[in-house]
Structure formats: structure tokens, C-alpha cells
There are 2 protein chains.
Amino acid sequence: MFFDVLGTVVDWRGSIAAEASSFLKRHDASHIDAGAFADAWVGHYDASVEAVRRGRRPFVPLDLLNMENLETCLKEFGLTPSAVPSPELEDLNLAWHRLKPWPDSVEGVSRLKERFIVAPLSDGNTRLLVDMAKHAGLPWDTILGADISEAYKPMPQVYLRACELLGVEPDRAMLVAAHDYDLDAARQCGLKTAYVVRSNAHDPSKAAAVKRLDGWEYMASDLIELAAILK
Amino acid sequence: MFFDVLGTVVDWRGSIAAEASSFLKRHDASHIDAGAFADAWVGHYDASVEAVRRGRRPFVPLDLLNMENLETCLKEFGLTPSAVPSPELEDLNLAWHRLKPWPDSVEGVSRLKERFIVAPLSDGNTRLLVDMAKHAGLPWDTILGADISEAYKPMPQVYLRACELLGVEPDRAMLVAAHDYDLDAARQCGLKTAYVVRSNAHDPSKAAAVKRLDGWEYMASDLIELAAILK
């Protein structure tokens with residue numbers, strides 16, 4: 001059972017807004033709205049990953065893309081990245097390693113772990129996901145970052161390599177996600193699909209991709225409900 | 001903190017002998033000594049992995065090498081692999097997914113996990129290690145099977161790829177192992193080293209490689225002692 005993470009298991013926008021808020025205060029920039037700053041930072045995500053998906057750029061881990069986007073974002077809000085000590089920029093970038101789970105995530109994953117192998121399958125790099133798991137108490141059986149397949153979702157090799165490493169045919173695997181584009185790609189690779197409704201997950205990086213497809217094998221309002229359905 | 005697994009964290013020879021014993025009884029072959037059978041099976045390990053190390057054969061996962069060696073072994077002991085129903089052969093081969101930890105392993109890894117990222121770095125494939133962890137309760141933060149780097153120890157890319165995926169310079173990583181050849185290769189890649197004395201680990205696959213090198217950064221009689229040393 002593979003899980004999308006950003007938006008599905010953790011609240012990226014809320015977590016980043018909280019860390020951006022204290023960063024902006026420390027740098028005399030509390031006039032900048034932290035929520036708008038987080039939206040802008042997360043909003044650059046898709047375009048930067050797209051360059052790798054399209055082969056216009058060799059694979060680089062998300063930590064690096066996030067740092068580039070952070071610098072772009074600071075400039076957009078009138079700040080000068082080079083004026084910020086680099087350990088402080090690094091620390092803000094590590095906000096992605098500390099994204100907070102939705103309230104049901106730890107319990108839901110724990111219950112699903114009793115019956116299934118549970119592993120994140122994320123655009124995040126492995127270290128980002130390891131730090132997040134330790135920080136949040138997410139009890140994954142193993143972790144599959146984008147740097148393992150050196151590809152970003154929805155590239156098919158992400159899903160197929162994950163199945164290969166876990167020693168399962170795709171139809172014996174399932175992707176759990178809150179994003180249609182991700183589930184659709186997994187389904188095209190032969191995986192089963194479970195849609196989790198994160199109606200409160202305002203997700204600026206995927207605004208254009210919300211098509212509300214359906215036909216997923218399972219649909220649940222959160223991960224605890226999904227565990228109950230699959231019991 | 002990376003851990004060799006086969007011999008260091010789990011007792012492969014003892015675990016395989018136990019499963020071979022019940023297999024041999026079920027197949028009217030209880031005249032065959034299960035310990036000798038396990039020695040022979042594990043004894044083929046190094047030569048089969050060596051073909052991949054030397055580039056004479058493309059990478060294949062350990063599950064496949066183990067199955068080939070199992071069939072060889074059955075013939076050596078006068079049995080006919082094709083006479084055994086293939087689900088039973090598969091099940092015996094999965095004994096490697098159920099190897100039992102040494103008595104200190106789960107507690108030692110749990111204590112080390114409080115301060116460090118803990119991950120197996122093994123010739124075993126990822127699924128083998130995931131099954132083993134679930135079966136034995138080994139609380140790894142993530143799992144790095146040989147199929148991730150598509151290389152076998154002591155090939156340097158195994159250690160270097162592990163450091164890259166965990167986002168650490170080699171000198172900020174450590175290998176914990178009961179085998180000198182493994183520690184020596186890790187040291188050559190720049191990792192720190194901790195030697196765990198598994199004096200009771202009769203290890204037919206590595207009989208020729210025991211050189212009793214020293215100069216490792218740390219040495220402990222088991223993983224609980226190692227956790228105490230690194231406290």
C-alpha cells in the first residue's frame with residue numbers, strides 16, 4: 001500500500017505557513033502574509049518538477065527544487081535571499097522535512113500497517129520523508145523517495161519501480177492519494193486506487209489538476225475510515 | 001547508521017536450519033542433517049553474488065540467487081527439485097524473509113533509533129528486508145535493499161548510494177557489521193565503522209573472509225552494548 005504524502009498524509013500548506021510566519025517575523029517582514037508566502041512557495045512546486053518530468057532537466061531531489069523556489073519566492077515578496085544567512089535559509093527549507101500529519105494520519109497508517117505493507121511513494125526525497133516520519137511518528141515499513149527511481153509522479157517508472165522493489169505485481173499494490181492525477185497514473189500502471197478526500201487541503205500546486213475523476217476502487221474521508229473499509 | 005543484516009542483526013544459519021529441518025521431514029528426507037543442508041545453501045551464497053560483483057552477470061535480486069542455490073543444494077543432497085511442488089520450494093526460499101534476530105537486535109536497534117536514523121544496508125532485496133522487519137519487529141526508519149543500488153557489498157556504490165539517499169556525507173554515516181570485509185569497504189568509502197562481535201555466528205558464506213582486522217571506530221559485543229557506547 002503506497003501513499004502519496006504531500007497533501008494526502010501531511011498538511012504541507014499549513015505547516016509551511018506556520019514556519020514561514022516565524023521566519024518572516026524574525027526578518028522584520030511580518031507585513032508579508034505567511035499564508036500567501038506559503039501559497040507562492042508551494043505554487044512554484046509543480047512547474048519546477050515539470051522540467052524534470054519533461055526531460056528538460058536531469059533529476060534533482062526535491063530539497064534542491066524547494067530551495068530554488070524559496071529564493072525565487074523571497075524575491076517576489078521583495079526580500080533578498082543573499083541577505084539571509086544561509087543556515088537560516090536551509091532551516092526554512094527544512095520545513096518540508098517537518099510537515100505535520102493530518103489528525104487521522106498516524107492512527108490510520110498504523111491500523112493499515114497491521115494488514116498491509118505501508119510505504120510513502122512521494123516526490124519528496126528519501127531523507128525528507130525519513131525526517132518527516134521520525135518527526136511525526138509515521139510508522140512506515142519502508143520509505144520510497146523520488147530519488148530512488150529518480151523520477152517524479154506521474155511518470156510511470158515511479159509506480160512500477162515501487163512495485164518491483166516491493167516484489168508485487170501492480171494489481172497487488174494500491175496507491176492512496178488525495179489527487180486525481182496521481183491515482184490516474186497509478187491506475188494506468190495497473191495499481192489499485194484509493195481516493196482520500198482532503199477537502200480542507202488547499203493545494204496551490206495542483207489547482208489546475210483537480211478534475212474530480214472517479215471510478216477509484218475505494219474512497220474514504222480519511223485514513224482511519226480507509227482502514228475500517230479495508231478491515 | 002547503516003546495518004549489515006545477514007549474520008549481524010539476524011541469525012541466518014540457525015533460522016534456515018530450523019525451516020530446512022521441517023521441510024526435510026515433510027519430504028521423507030529426515031536422514032539429511034538440516035544444519036549441514038543450511039551450511040551448504042548459505043555456503044553457495046558468496047559465489048553466486050560474486051558473479052554479479054565481477055560483472056559476469058547483470059544484477060538479480062537475492063531471492064532469485066537463493067532459489068537457484070536451493071535447487072543446486074537439493075541436488076547435492078540427492079533430492080530432485082522438480083519433484084517438489086513449486087509453492088513448497090517458494091515457501092522454503094522465503095525462510096530468508098523470516099530470519100530471526102539475535103536476542104539483542106530489536107532492543108539494540110530501538111535504542112539506537114532514539115538518536116540516529118537506522119537503516120539496514122544489506123545484500124537482501126527490499127521486500128526480503130521488509131518482510132523480515134515486520135516478522136521480527138525490527139523498527140527500521142527505512143530499508144535499503146541491494147536492489148536499490150543494484151549492487152552487492154562490498155561494491156562501493158552500495159555504501160555511496162546509501163549515503164546519497166540519506167543525504168549525508170560518508171563521514172557522517174556509520175556501518176555496523178560483524179564482517180571485516182564489509183566494514184573495510186565502508187571505511188574505504190569514508191564511512192565510520194562499528195564492529196559487532198557475533199562470535200556465535202557460524203557463517204559458512206564468509207569463512208574465507210575472516211581476517212580479524214581491527215582499527216574500527218567502535219567495537220561492541222552486541223547492539224545493546226553499542227547503543228550504550230554511543231549514548
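1. Start with the buried face of α4(A) in this predicted model. The residues of α4(A) that count as buried are A:Leu62, A:Leu65, A:Asn66, A:Met67, A:Asn69, A:Leu70, A:Cys73 and A:Leu74. Keep the helix repeat in mind when you read that list: there are 3.6 residues a turn, so residues three or four places apart point the same way. As for what sits on top of these buried positions, the cover includes α1 (12-26), α2 (34-43), α3 (45-53), α5 (86-93) and α7 (126-136), also of chain A.

2. The geometry of that helix looks like this. α4(A) runs over residues 62-76, 15 residues in total, and spans 21 Å from first C-alpha to last, close to the 21 Å expected at 1.5 Å a residue. Just past the end of α4(A), have a look at A:Gly78, where phi is positive at about 85 degrees.

3. Over in chain B, β6 (residues 192-196) is worth a click. Four of its five residues are buried, so the rest of the structure largely encloses this strand. On one partner, β5(B) (residues 174-177), there are four bridges to β6(B), and the two strands run parallel. To find the register, put B:Leu175 opposite B:Thr193 of β6(B). Between β5(B) and β6(B) the chain passes through helix α10 (residues 180-188), making a β-α-β crossover that is right-handed.

4. β6(B) has another parallel partner, β7(B) (residues 218-220), joined to it by three bridges. Here the pair to look for is B:Ala194, which stands opposite B:Tyr218 in β7(B).

5. Now the two chains together. A turn of 180 degrees with a shift of 0.0 Å along the axis lays chain B on chain A, with an RMSD of 0.0 Å. That is how a two-fold axis relates two copies. If you want a landmark for the axis in chain B, use B:Thr142: its C-alpha is the nearest one, 2.3 Å away.

6. Last, the interface. Chain B puts 19 residues into the contact and chain A puts in 19 residues. Of the interface residues of chain B, 100% are interface residues in chain A too, so the copies meet through the same surface. Between them the chains bury about 1700 Å², with 52% of that on carbon and sulfur atoms. Which three residues supply more of the area that chain B buries against chain A than any other three? They are B:Arg127, B:Lys134 and B:Leu165, with 31% of that area.

Methods: Residues are numbered from 1 along each chain as its sequence is written. Chains are lettered from A and ligands numbered from 1 in the order in which they are written. This is a predicted model: local features need pLDDT of at least 70, side-chain atom pairs count only at pLDDT 80 or more; totals for chains, interfaces and linings use all residues. Side-chain values use heavy atoms; hydrogens and water are left out. The expected span of a helix is 1.5 Å times one less than its number of residues. Buried means under 20% relative accessible area, exposed over 50%, partly exposed in between (1.4 Å probe, protein chains only). Contact means heavy atoms within 4.5 Å. Two strands pair if DSSP finds at least two bridges between them. A crossover is right-handed if, with the strands pointing away from the viewer, the path from the first strand over the helix to the second runs clockwise. Copies are superposed by least squares on the C-alpha atoms of residues with pLDDT of at least 70 in both. Buried area is the accessible area (1.4 Å probe) that two parts lose on being put together, summed over both.
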